[in-house]
Amino acid sequence: MVFGVDFDGTLCSDAYPNIGKPNLSLIKRLLAYQTNGTKLILWTCRANQFLNEAISWCSLYGLHFDAINENLPEIVAKYGSDSRKITADLYIDDRMISPWDDDAFLKEAI
């Protein structure tokens with residue numbers, strides 16, 4: 001399994017450009033999944049110093065990623081390039097909406 005995990009609003013509360021309070025429940029679950037072989041990709045809009053700060057912050061909680069804002073090497077090898085969209089089995093993001101659950105927000109937007 002491969003999980004794509006957002007940072008701001010997901011691993012921590014949203015306080016950009018600062019780093020918010022840790023989501024300890026999620027971090028604990030991700031560490032357990034990782035112990036069982038799940039690969040983690042940090043998938044965030046942060047860049048440069050702000051990205052480095054996020055990576056360092058994650059390591060304080062024991063979170064280390066198999067890739068950061070890019071696909072895993074085996075995916076790049078399989079498809080011959082690293083597309084901008086990461087390949088994952090599950091995406092964990094505070095901005096997520098499932099197109100299969102409820103389209104009420106879409107109706108309001110139209």
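This short talk walks through the strands, the helices and the nonpolar cores of one structure, which is a predicted model.

Let me begin with the strands. Strand β1, residues 2-5, runs parallel to strand β2, residues 39-42, and the two are joined by 4 bridges; within that pairing, Val-2 stands opposite Lys-39. On its way between these strands the chain passes through helix α1, residues 24-35, and β1, α1 and β2 together make a right-handed β-α-β unit. Strand β2 also pairs with β3, residues 67-68, again in the parallel sense but over 2 bridges, and here Ile-41 of β2 stands opposite Ala-67 of β3. The chain gets from β2 to β3 by way of helix α2, residues 48-60, and this β-α-β crossover is right-handed.

I would like to stay with α2 for a moment. Its 13 residues reach 19 Å from the first C-alpha to the last, which is close to the 18 Å expected at 1.5 Å a residue. Which residues of α2 are buried? They are Leu-51, Ala-54, Trp-57 and Cys-58, and, because they fall within an arc of 125° when seen down the helix axis, they line one face of α2. As general background, an α-helix has 3.6 residues a turn, so residues three or four places apart point the same way. The buried residues of α2 pack against α1, β2 and β3, whereas the face turned away from the buried side carries Asn-48 and Leu-60, both exposed. Just after the helix, Gly-62 takes a positive phi of about 85°.

That brings me to the interior. The largest nonpolar core has 17 residues, and those with the most contacts inside it are Phe-7, Leu-11, Leu-30 and Leu-63. At least two residues of this core are supplied by each of β1, α1, β2 and α2, with α2 giving the largest share, 4 residues. If we set aside neighbours within four places in sequence, Phe-7 is in contact with a list of residues that includes Ile-19, Leu-42 and Trp-43, and also Ala-54, Trp-57 and Cys-58, which are among the buried residues of α2.

Finally, there is a second, separate core of 7 residues, and among them are Val-2, Ile-41, Ala-67 and Ile-86. Two of these names have already come up as a pair, since Ile-41 stands opposite Ala-67 in the pairing of β2 with β3. In soluble globular proteins, nonpolar side chains tend to be buried together.

How values were computed:
Residues numbered from 1 in each chain as written. Predicted model: local features only at pLDDT ≥ 70, side-chain atom pairs only at ≥ 80, totals over all residues. Heavy atoms only, no water. Pairing = 2+ DSSP bridges. Right-handed = clockwise from strand over helix to strand, strands pointing away. Expected span 1.5 Å × (residues − 1). Buried < 20%, exposed > 50% of the residue type's maximum accessible area, 1.4 Å probe, protein only. Arc of directions from axis to C-beta. Contact = heavy atoms within 4.5 Å. Core = buried A, V, L, I, M, F, W, Y, C linked by side-chain atoms within 4.5 Å.
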